[in-house]
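Hi there,

Here is the structure I promised to pass on. Please have a look at it first, and then read my notes underneath.

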Amino acid sequence: MNNNFEKDLADGQLGEKAVRHFVETEWHKKFITYGDTSAFDIMFQNNRQNPVFFEVKTDLFEKDWDKGGTGNMAIEYKCRGKPSGIRTTMADWFAYYFPNITENHLWIIRMDKLKDLIKNNKFRTVSAGETYYDNDEKVAKCYLIPRFDFRGYFSIFTFDGNRWLPSLD
(Lines give C-alpha, C1' and ligand atoms only; values in the text may rest on other atoms or scores of the structure.)
Protein backbone atom coordinates (compact mmCIF):
# COMPACT_ATOMS: atom_id res chain seq x y z
CA MET A 1 0.00 0.00 0.00
CA ASN A 2 1.20 3.50 -0.79
CA ASN A 3 0.63 6.79 0.99
CA ASN A 4 -0.91 8.00 -2.26
CA PHE A 5 -4.60 7.20 -2.81
CA GLU A 6 -4.41 7.56 -6.61
CA LYS A 7 -1.47 5.12 -6.78
CA ASP A 8 -3.27 2.66 -4.45
CA LEU A 9 -6.33 2.85 -6.69
CA ALA A 10 -4.29 2.16 -9.83
CA ASP A 11 -2.53 -0.77 -8.10
CA GLY A 12 -5.88 -2.28 -7.09
CA GLN A 13 -7.26 -1.86 -10.60
CA LEU A 14 -4.35 -3.93 -11.94
CA GLY A 15 -5.63 -6.95 -10.00
CA GLU A 16 -9.25 -6.24 -10.86
CA LYS A 17 -8.38 -6.24 -14.57
CA ALA A 18 -6.55 -9.58 -14.18
CA VAL A 19 -9.50 -11.15 -12.34
CA ARG A 20 -11.92 -9.76 -14.92
CA HIS A 21 -9.85 -11.34 -17.70
CA PHE A 22 -9.72 -14.66 -15.83
CA VAL A 23 -13.46 -14.83 -15.12
CA GLU A 24 -14.46 -13.76 -18.64
CA THR A 25 -12.10 -16.19 -20.41
CA GLU A 26 -12.10 -19.18 -18.04
CA TRP A 27 -15.53 -19.07 -16.39
CA HIS A 28 -17.24 -17.39 -19.37
CA LYS A 29 -19.08 -14.89 -17.19
CA LYS A 30 -20.15 -11.50 -18.53
CA PHE A 31 -18.57 -8.49 -16.83
CA ILE A 32 -21.20 -6.07 -15.46
CA THR A 33 -19.38 -3.49 -13.33
CA TYR A 34 -16.55 -2.65 -10.99
CA GLY A 35 -17.82 -1.90 -7.48
CA ASP A 36 -17.12 1.42 -5.83
CA THR A 37 -18.27 0.40 -2.36
CA SER A 38 -17.04 -1.98 0.33
CA ALA A 39 -19.63 -4.56 -0.83
CA PHE A 40 -17.62 -5.94 -3.79
CA ASP A 41 -14.91 -5.14 -6.35
CA ILE A 42 -16.31 -6.80 -9.50
CA MET A 43 -19.73 -8.09 -10.59
CA PHE A 44 -20.38 -10.63 -13.35
CA GLN A 45 -23.69 -12.01 -14.57
CA ASN A 46 -24.89 -14.13 -17.45
CA ASN A 47 -28.48 -14.11 -18.70
CA ARG A 48 -30.90 -15.82 -16.32
CA GLN A 49 -28.17 -16.54 -13.78
CA ASN A 50 -27.51 -15.05 -10.38
CA PRO A 51 -24.81 -12.38 -10.27
CA VAL A 52 -21.31 -13.38 -9.12
CA PHE A 53 -19.35 -10.93 -6.96
CA PHE A 54 -15.58 -10.83 -6.37
CA GLU A 55 -13.42 -9.18 -3.75
CA VAL A 56 -9.90 -8.64 -5.14
CA LYS A 57 -6.59 -8.06 -3.37
CA THR A 58 -3.54 -7.03 -5.43
CA ASP A 59 -0.20 -7.65 -3.70
CA LEU A 60 2.58 -5.71 -5.43
CA PHE A 61 5.06 -6.29 -2.62
CA GLU A 62 5.24 -10.08 -2.64
CA LYS A 63 8.16 -11.60 -4.57
CA ASP A 64 9.23 -15.10 -5.43
CA TRP A 65 10.38 -17.09 -2.40
CA ASP A 66 14.00 -17.20 -3.62
CA LYS A 67 14.01 -13.39 -4.04
CA GLY A 68 12.94 -12.59 -0.49
CA GLY A 69 9.19 -13.16 -0.66
CA THR A 70 7.37 -13.74 2.61
CA GLY A 71 4.99 -16.45 1.40
CA ASN A 72 2.13 -14.61 3.11
CA MET A 73 -1.25 -13.35 2.01
CA ALA A 74 -2.52 -10.29 3.90
CA ILE A 75 -6.30 -10.32 4.36
CA GLU A 76 -7.61 -6.97 5.61
CA TYR A 77 -10.31 -6.97 8.28
CA LYS A 78 -10.12 -3.49 9.83
CA CYS A 79 -9.17 0.01 8.65
CA ARG A 80 -9.17 3.23 10.65
CA GLY A 81 -10.80 1.44 13.57
CA LYS A 82 -13.78 0.14 11.54
CA PRO A 83 -14.53 -3.26 10.00
CA SER A 84 -13.34 -3.48 6.39
CA GLY A 85 -12.23 -5.97 3.76
CA ILE A 86 -13.32 -9.50 4.59
CA ARG A 87 -15.65 -8.25 7.36
CA THR A 88 -17.67 -5.93 5.12
CA THR A 89 -17.67 -7.54 1.68
CA MET A 90 -20.74 -9.23 0.26
CA ALA A 91 -18.67 -10.96 -2.44
CA ASP A 92 -19.08 -14.65 -3.26
CA TRP A 93 -15.40 -15.09 -4.17
CA PHE A 94 -12.06 -13.75 -2.98
CA ALA A 95 -9.21 -13.40 -5.49
CA TYR A 96 -5.64 -12.64 -4.45
CA TYR A 97 -3.42 -11.45 -7.30
CA PHE A 98 0.40 -11.52 -7.25
CA PRO A 99 1.66 -9.68 -10.36
CA ASN A 100 5.34 -9.77 -9.36
CA ILE A 101 5.92 -13.50 -8.95
CA THR A 102 6.86 -15.81 -11.83
CA GLU A 103 4.00 -18.29 -11.44
CA ASN A 104 0.85 -18.94 -9.42
CA HIS A 105 -0.28 -15.34 -9.94
CA LEU A 106 -3.95 -15.79 -9.03
CA TRP A 107 -5.35 -17.51 -5.93
CA ILE A 108 -9.15 -17.89 -5.72
CA ILE A 109 -11.34 -19.13 -2.89
CA ARG A 110 -15.05 -18.95 -2.09
CA MET A 111 -15.62 -16.22 0.47
CA ASP A 112 -17.39 -18.53 2.92
CA LYS A 113 -14.43 -20.95 2.76
CA LEU A 114 -11.96 -18.10 3.39
CA LYS A 115 -13.97 -16.91 6.39
CA ASP A 116 -14.06 -20.48 7.76
CA LEU A 117 -10.31 -20.83 7.18
CA ILE A 118 -9.66 -17.67 9.19
CA LYS A 119 -12.16 -18.61 11.91
CA ASN A 120 -10.65 -22.09 12.35
CA ASN A 121 -7.00 -21.01 12.49
CA LYS A 122 -5.05 -18.62 14.65
CA PHE A 123 -3.37 -16.57 11.93
CA ARG A 124 -0.98 -13.85 12.98
CA THR A 125 -2.39 -10.33 12.68
CA VAL A 126 -0.37 -7.30 11.61
CA SER A 127 -0.82 -3.58 11.08
CA ALA A 128 -0.37 -2.47 7.49
CA GLY A 129 -0.67 0.37 5.04
CA GLU A 130 -0.36 4.07 5.52
CA THR A 131 0.04 5.69 8.92
CA TYR A 132 -2.30 8.02 10.74
CA TYR A 133 -1.53 11.69 10.12
CA ASP A 134 -0.53 12.35 13.74
CA ASN A 135 1.51 9.24 14.64
CA ASP A 136 3.33 6.23 13.20
CA GLU A 137 0.54 3.71 13.79
CA LYS A 138 -0.60 1.89 10.64
CA VAL A 139 -4.29 2.29 9.77
CA ALA A 140 -5.16 -1.22 8.52
CA LYS A 141 -5.22 -4.58 10.32
CA CYS A 142 -4.70 -7.84 8.41
CA TYR A 143 -4.59 -11.58 8.94
CA LEU A 144 -1.41 -13.15 7.53
CA ILE A 145 -2.07 -16.48 5.86
CA PRO A 146 1.06 -18.51 5.01
CA ARG A 147 -0.06 -19.35 1.48
CA PHE A 148 2.17 -22.39 0.92
CA ASP A 149 0.81 -24.07 4.06
CA PHE A 150 -2.83 -23.44 3.06
CA ARG A 151 -2.61 -23.68 -0.75
CA GLY A 152 -5.01 -26.66 -0.77
CA TYR A 153 -7.90 -24.34 0.07
CA PHE A 154 -7.36 -22.24 -3.07
CA SER A 155 -7.68 -22.69 -6.82
CA ILE A 156 -4.40 -21.35 -8.20
CA PHE A 157 -3.65 -20.12 -11.72
CA THR A 158 -0.67 -18.80 -13.68
CA PHE A 159 -1.01 -16.44 -16.63
CA ASP A 160 1.48 -17.46 -19.32
CA GLY A 161 0.93 -14.37 -21.48
CA ASN A 162 -1.86 -16.02 -23.46
CA ARG A 163 -4.10 -17.93 -21.09
CA TRP A 164 -4.65 -18.93 -17.46
CA LEU A 165 -3.18 -22.30 -16.54
CA PRO A 166 -4.19 -24.19 -13.39
CA SER A 167 -1.42 -24.94 -10.91
CA LEU A 168 -0.04 -28.45 -11.24
CA ASP A 169 1.06 -28.86 -7.62
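Below is what I found, grouped by topic.

First, the ground rules. This is a predicted model, in which local features need pLDDT of at least 70 and side-chain atom pairs count only at pLDDT 80 or more, while totals for chains, interfaces and linings use all residues. Residues are numbered from 1 along each chain as its sequence is written, and side-chain values use heavy atoms, leaving out hydrogens and water.

Let me start with the interior. The largest nonpolar core (a set of buried Ala, Val, Leu, Ile, Met, Phe, Trp, Tyr and Cys residues joined through side-chain atoms within 4.5 Å) has 28 residues. Buried here means under 20% relative accessible area, exposed means over 50%, and partly exposed lies in between, with a 1.4 Å probe and protein chains only. Met73, Ile75, Tyr96, Leu114, Ile118 and Ile145 have the most contacts inside this core. At least two of its residues come from each of S4, S6, S7, H2 and strand S9 (138–146); helices (H or I, at least four residues) and strands (E, at least two) are DSSP runs, numbered from the N terminus. There is also a second, separate core of 17 residues, with Ala18, Ile42, Tyr97 and Ile108 among them.

Met73 is a good place to zoom in. Setting aside neighbours within four places in sequence, its contacts (heavy atoms within 4.5 Å) include Tyr96, Phe98, Trp107, Tyr143, Leu144 and Ile145.

Next, helix H2, which spans residues 111–119 and has Met111, Leu114, Leu117 and Ile118 buried. These four lie on the same side of H2, because they cover an arc of only 120 degrees around the axis, taken from the directions from the helix axis to the C-beta atoms.

Now for the backbone. Most residues other than glycine have a negative phi, so a few spots caught my eye. Arg48, in the loop between strand S2 (42–44) and strand S3 (52–58), has a positive phi of about 55 degrees. Asn104, in the loop between strand S6 (93–97) and strand S7 (106–110), also has a positive phi of about 55 degrees. Their surroundings are worth setting side by side: Arg48 is exposed, with a relative accessible area of 85%, whereas Asn104 is buried, at 10%. Not counting residues up to four places away in sequence, Asn104 touches Phe98, Arg151, Ile156, Phe157, Thr158, Ser167 and Asp169.

Arg80 belongs with them, taking a positive phi near 55 degrees in the hairpin of S4 and S5, which has 2 residues between the strands. Strand S4 (residues 72–79) and strand S5 (residues 82–83) run antiparallel and are joined by 2 bridges; two strands pair if DSSP finds at least two bridges between them. Lys78 stands opposite Pro83 in S5.

Finally, the cysteines. How many disulfides does the structure hold? There are 0, a disulfide being a pair of cysteine sulfur atoms within 2.5 Å. The sulfur of Cys79 is 8.8 Å from the closest cysteine sulfur, in Cys142, too far for a bond. Cys142 itself is buried, with a relative accessible area of 6%.

Happy browsing, and best wishes!
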